[in-house]
Amino acid sequence: MSESLLEAWNRPPTIEVDGEGELLEVAMGPHHPSTHGVFRMDVVLDGERVIKLKPVFGYLHRNHEQIGQTVGYLQMMPYTDRLDYFCSLTNNWAYALAVEKLVGQAVPERAEYIRVILAELTRIQNHASTIGFLTQEMGASGTPLMYAFREREKILDLFESLTGSRMMCNYMRFGGCRVDMTEAHLNAARKIVTGLPRFIDEFENLLTSNEILMARSQGMGVLKPDLAVNAGITGPMLRASGVNYDIRKVDHYGIYDRFSFRVPLGEHGDIYDRYMVRVLEMRESLKILEQALKDIPAGPFIDPKAKIRGFKPKPGEAYGRIEAPKGELGFYLISDGGTSPYRFRIRPPSFINLTVLEDMCIGQNVADVVVVFGSVDIVLGEVDR
Amino acid sequence: MKTVEEIKTAIETAVSGAQLEIVPNGSPSAEHSLLVDAAHAFAAAKFLRDDAELKLDFLSNVTGVDWLDKETTEKVKVTRPVEKEVNGVKTMVDETVEETKKTVTPGYLEAVYHLYSMAKKHGPVILRMRTGNRSDKVELPSLTPIWRAAEFQEREVFDLFGIIFTGHPDLRRILMWDGFKDYPMRRDYVDPDDYEYEPTAHDDVLKRAQAHLAATTTEAAQ
Amino acid sequence: MPPMTSSPYFSLAILFFGALGFGLAPLGLAWLWAHTFAPPKPNAIKNAIYECGLESKGDAWVQFRSGYYLYAIIFLIFDVETVFLLPFAVAFTGLTAGACLAMLVFVLLLVEGLAWAWAKGVLTWQ
Amino acid sequence: MGLGERSFDVAVDPELKIELGKQGIFVTTIQELYNWGRKSSVWPMQFGLACCAIEMIATTMARYDLARFGAEVFRPSPRQADLMIVSGTVTKKMAPQVVRLYNQMAEPRYVIAMGACAISGGPFKQGYNVLKGIDRYIPVDVHIPGCPPRPEALLQAFMTLQKKIDEQSLTGENRPRYLNVDAPGEFPVPEQGEHDLVPASNPNVWTVPVVIR
């Protein structure tokens, strides 16, 4: 990478204004219908065009990391549900993976299968909700969101009967899961999985060839592949720019190697590609689910000798990461031999995916900023931690 | 992928004068990290990104860690000449005396970078940088010009730990409000007391509740 | 002077005042209700400009780009045109060929104005 | 009972009302009509903070359907809303904005503190940036415990709020805040000081809870 590349994509492009009209400073502030929660963008406008856009964070900074350093390892598990409150099971899995790496804990076969099944179900309901919110920001006030939430309710029913809570599952433990997935749960999961392809087809018929969606999203918020890599973008946003990097295939964590599934890639890196990548990822998750539900083995759902409560890992550190629906979610734990980690760090995919928000929005109209922001798919609990 | 030792030698050859040190990692994950001195950190990082064989083009995670001053007391045998009465004659006899020696190793702030390669699909290489001490020498070179991913994360480390990243394009507080003065994630930070109420109060919440009770009763007494 | 009730516009007047009353009566009732029951309690924060929960800095009355005025002027073409086309469309069946020709000339004149503006590139937003 | 003497709180004799109802005659007082109108169309403000906001959205969706209570119109601007659902953790950085939004809502306005975080800081109580409950700065009408409370709990909160609105009297001593002149209409917005919010709480809305053992 040449020297010039160092500066080229380091700063967002600036537009020189020919001084005709005055610039209007607007705060699309913490309380704004389009910001998925309490996120603020200070936008400088020249009429309708965006000249500068400065994101402001911290309105939901709930101090996960400081609490993580005071409470024990196990007591931190319910807090991980509240990080990305759409996908509590993948958060649990990432934290469990990090601690298992820290203490060198093995996970039995059945627990791995249960983890894959629940993670892929979480991915499907997250992508469906994201597309629902994205189209709502494009003006389809609520109809696609109703479809997405109708499917999400079915999946949440399964989570509730299995883990006891709809959104805050607190299900994984270091070395397996808290409760076994009985045959009834597996049949419920099979019923959901058989119903989902019809839902995705219905969703695609409603949205994919819709002119308004195409007009509002094709060519908008384009993200170049090398800027995406350098800015640490991960998840569907990165793959929509054409970079083939899916941690399920790179790190080979869990038992993803046993399932045959493809990683969808986009070409232009615009909003329509991000929408398509999420729809195709839902279909790939379905394939994984079918294979996992078919050959889930019997056996212990947790390693009987696993130490769960009040254990003291040897001094050392570990960084465990998984492919969360929003990108690479990682937990970095430094232990000094105590019952709670010395340093508890969360690598938030949504927070880092917002690094290039300004690059994508400059020069577009204000209405498109809302759609570009929706396509990044962030959750404030994880952004501000 | 190269092991940490090979990467260490590779950096030393590429960046002349860089003092590197391997920090062992006690956990079974055995991801040892490379401690780089602040002066050559920028050049070493740029080498790691541009090297054809490593190509670490993806900075996944930037973490701030606060290591407090450590007081280590150990028993040490010291031989010291002592005045002794030996059968009526004062002679200097050196005698081994057991003493507890308190050594205070100064604390420091640390920035940990996790590097991966999206091109070659390998990693992680963990890079560590340490500041002089925890009070005045807290500058570290910013790696944002090399990896744009570090921009927000370094601002967060500055906001919560107080490490000043020189060369960062826009170093402001990111999570706390701008008027906030102290660095909340440091180990010695005491958060303000605002009537945290707990029906079954314990340890510091109980102490604060008793302090409030005492304050209100004395107020009532006046 | 014929009695007022027999003139053709009388029913129109009743209709008009009826509509007006239907519109204003609830507003009047609401104003009366609020006036008697709910005392007004304005304060500085309540009357401040709402900007997403923050204090709004700067002023919104800024000078916009000139491109916007051109858009407004071109909108005028369509607006005026439809105003004139309305009576024409209503009485269209009973008109002679000459009236149609006159209206055609009128429409073409305006379309020619639009074509000139389009050619000058006013419509394309840079 | 002409409009002259404003003694509306003389309720109608219940048995008489039922008797007349059987004959098809409907008797009511202006206060009942007024409260019935207001409670059946409480418009909440679109104000999601954290995880509870997702449960709030799930409540408005097809399965739990908040529309049955006349409250599915979520108004983005505080000027058109009369209910603020504080759904999620109120951090110290967000507290001034929440109080300013409450002030900018038109009277009569109500607050539902949804979830443990809005009531008392919830699981994040030890956080340095978390406000220990929104009732420190603004009066709260309905509290919903839970983390996050289920959609049914939010529906039950709406029923509680509707019962509360129904019992409001137009005149007399216990008439609501917005109806009597000397009740405080303005709730001061806290400043963000160097270490904490200044003032730490609004004295005439929140008092220190004294634990009586």
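**Strand pairing in chains A and D, and the contact of chains B and D**

Strand 6 of chain A pairs with strand 7 (residues 327-335) of chain A in the antiparallel sense, and nine bridges hold this pairing. Within it, Glu323(A) stands opposite Glu328(A) of strand 7 of chain A. On the sheet packs helix 4 (residues 88-103) of chain A, which touches both strand 6 and strand 7 of chain A. The direction of this helix makes about 150° with that of strand 6 of chain A. The model described here is a predicted one.

Taken as a whole, the sheet in chain A is open and has three strands in the order 6-7-8, with antiparallel pairing. Its edges are formed by strand 6 (316-324) and strand 8 (343-347) of chain A, each of which pairs on one side only. From one strand to the next, the twist averages 10°. As a reminder, strands of a sheet pair through backbone hydrogen bonds, in either a parallel or an antiparallel arrangement.

Chain D offers parallel pairing. Here strand 2 (residues 83-87) of chain D and strand 3 of chain D run parallel and share five bridges. One of the partners in this pairing is Leu83(D), whose bridge partner in strand 3 of chain D is Tyr110(D). Strand 3 of chain D is also joined by three bridges to strand 4 (residues 142-144) of chain D, again in the parallel sense. In that pairing, Ile112(D) stands opposite Val142(D) of strand 4 of chain D.

Helices accompany these parallel strands. Strand 2 of chain D, helix 4 (residues 95-104) of chain D and strand 3 of chain D together make a right-handed β-α-β unit. A right-handed β-α-β unit is likewise made by strand 3 of chain D, helix 5 (residues 115-120) of chain D and strand 4 of chain D.

How is strand 3 of chain D placed, and are its two faces covered or open? Tyr110(D), Ile112(D) and Met114(D) lie on one side and Val111(D) and Ala113(D) on the other, and all of them are buried, so both faces are covered. Because five of the five residues of strand 3 (residues 110-114) of chain D are buried, this strand is largely enclosed by the rest of the structure.

Chain D also takes part in a contact with chain B, to which chain B and chain D each bring 14 residues. On the side of chain B that touches chain D, seven residues are nonpolar, two are polar and five are charged.

Notes:
Residues numbered from 1 in each chain as written. Chains lettered and ligands numbered in written order. Predicted model: local features only at pLDDT ≥ 70, side-chain atom pairs only at ≥ 80, totals over all residues. Contact = placed C-beta atoms within 7 Å. Nonpolar A, V, L, I, M, F, W, Y, C, P; charged D, E, K, R; others polar. Buried ≥ 20, exposed ≤ 12 C-beta atoms within 10 Å, placed from the backbone. Helix = DSSP H or I, 4+ residues; strand = E, 2+ residues; numbered from the N terminus. Pairing = 2+ DSSP bridges. Right-handed = clockwise from strand over helix to strand, strands pointing away. Axes fitted to C-alpha atoms, helices over the stretch in contact; angles between N-to-C directions.
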